[in-house]
Amino acid sequence: MMDPTRAAAIDAHIQNDAFMRFLGAEVAIVSPGHSRVSLTVTEQMTNFHGITHGGVVFALGDLAFAAASNSRGQTAVALNVSITFLNPSKVGDRLVAEARECHRGSRTGLYEITVVEAISDTLIARSQDLVYRKKEWFVAPEPE
């Protein structure tokens, strides 16, 4: 189990994301390697078809990926993201992205991200994301 002081410092670092605030998204680290991010779709987030812009769906999944992959305090950056858009969403929908760590290597990690509409539980998108862990920590590692 992670030290509560470390967990709070990691959470504070991740919450200090300007793009997340711009979108009005809310990030929750559920556990190391696992996060949940949500937002409500606004009119400004739609495309010319009147549905949620794919970039917003991608960004929501990317925020979940970033939170999950950095949830241990080690700096991690994306190497690859492969996303599949499955269903549209619209203004007023509450979208929830959940990221789960599938593989944790010494330098890379693999994550699966799902984006669903919260009320109907409709699957909006799914992605598989690869991260690279740098040799730096934004919160000092726990002593071994």
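Good morning. By the rule applied here, there is one cavity of 30 Å³ or more in this structure. I should say at once that the model is a predicted one.

Let me begin with that empty space. Rolling a probe the size of a water molecule over the atoms shows where empty space is left. The largest cavity holds about 40 Å³ of space. Which residues line the largest cavity? They are Ser69, Asn70, Arg72, Gly73, Gln74, Arg104 and Arg133. By character, this lining divides into four polar residues, three charged residues and no nonpolar ones.

One of the lining residues, Arg72, leads to my next topic, the salt bridges. Side chains of opposite charge can pair when their charged atoms come close. The structure holds seven salt bridges, and I shall discuss some of them.

The side chain of Arg72 meets that of Glu101 in a salt bridge, at 2.9 Å from N to O. This pair links distant parts of the chain: Glu101 belongs to strand S4, residues 94-104, while Arg72 sits in the loop between helix H3 and S3, and the two are 29 residues apart. Is Arg72 buried or exposed? With a relative accessibility of 19%, Arg72 counts as buried, because buried means under 20%. Glu101, at 22%, is partly exposed.

A second salt bridge joins the side chains of Glu142 and Arg6, at 3.9 Å from N to O. Glu142 lies in the segment after strand S6 and Arg6 in helix H1, residues 4-15, so the pair ties together parts that are 136 residues apart in sequence. Arg6 is buried, with a relative accessible area of 10%, whereas Glu142 is partly exposed at 36%.

A third salt bridge is formed by Lys90 and Asp93, whose closest N and O atoms are 3.1 Å apart. Here Lys90 is partly exposed, at 48% relative accessibility, and Asp93 is buried, at 11%. In addition, Arg36, Glu98 and Arg100 are linked in a network of salt bridges.

Finally, I turn to the surface. Which residues make the nonpolar surface patch of about 250 Å²? Val77, Leu79 and Tyr132 make this patch. Leu79 has its place in strand S3, residues 74-85. With a relative accessible area of 51%, Leu79 is exposed, because exposed means over 50%.

To close, I would ask you to find three places in the model: the cavity lined by residues including Arg72, the salt bridge between Glu142 and Arg6, and the nonpolar patch that includes Leu79. Thank you.

Technical notes:
Residues numbered from 1 in each chain as written. Predicted model: local features only at pLDDT ≥ 70, side-chain atom pairs only at ≥ 80, totals over all residues. Heavy atoms only, no water. Patch = residues over 30% accessible without salt bridge, like charges linked within 9 Å, V, L, I, M, F, W, Y side chains within 5 Å. Areas by Shrake-Rupley, 256 points an atom, 1.4 Å probe, with all protein chains shown as cover. Salt bridge = Lys/Arg side-chain N within 4 Å of Asp/Glu carboxyl O. Helix = DSSP H or I, 4+ residues; strand = E, 2+ residues; numbered from the N terminus. Buried < 20%, exposed > 50% of the residue type's maximum accessible area, 1.4 Å probe, protein only. 1 Å grid on protein atoms, 1.4 Å probe; cavity = no way out; pocket = protein on both sides within 12 Å on 5 of 7 lines; lining within 4 Å. Points joined across faces, edges and corners; volume = space filled by probe spheres on them. Nonpolar A, V, L, I, M, F, W, Y, C, P; charged D, E, K, R; others polar.
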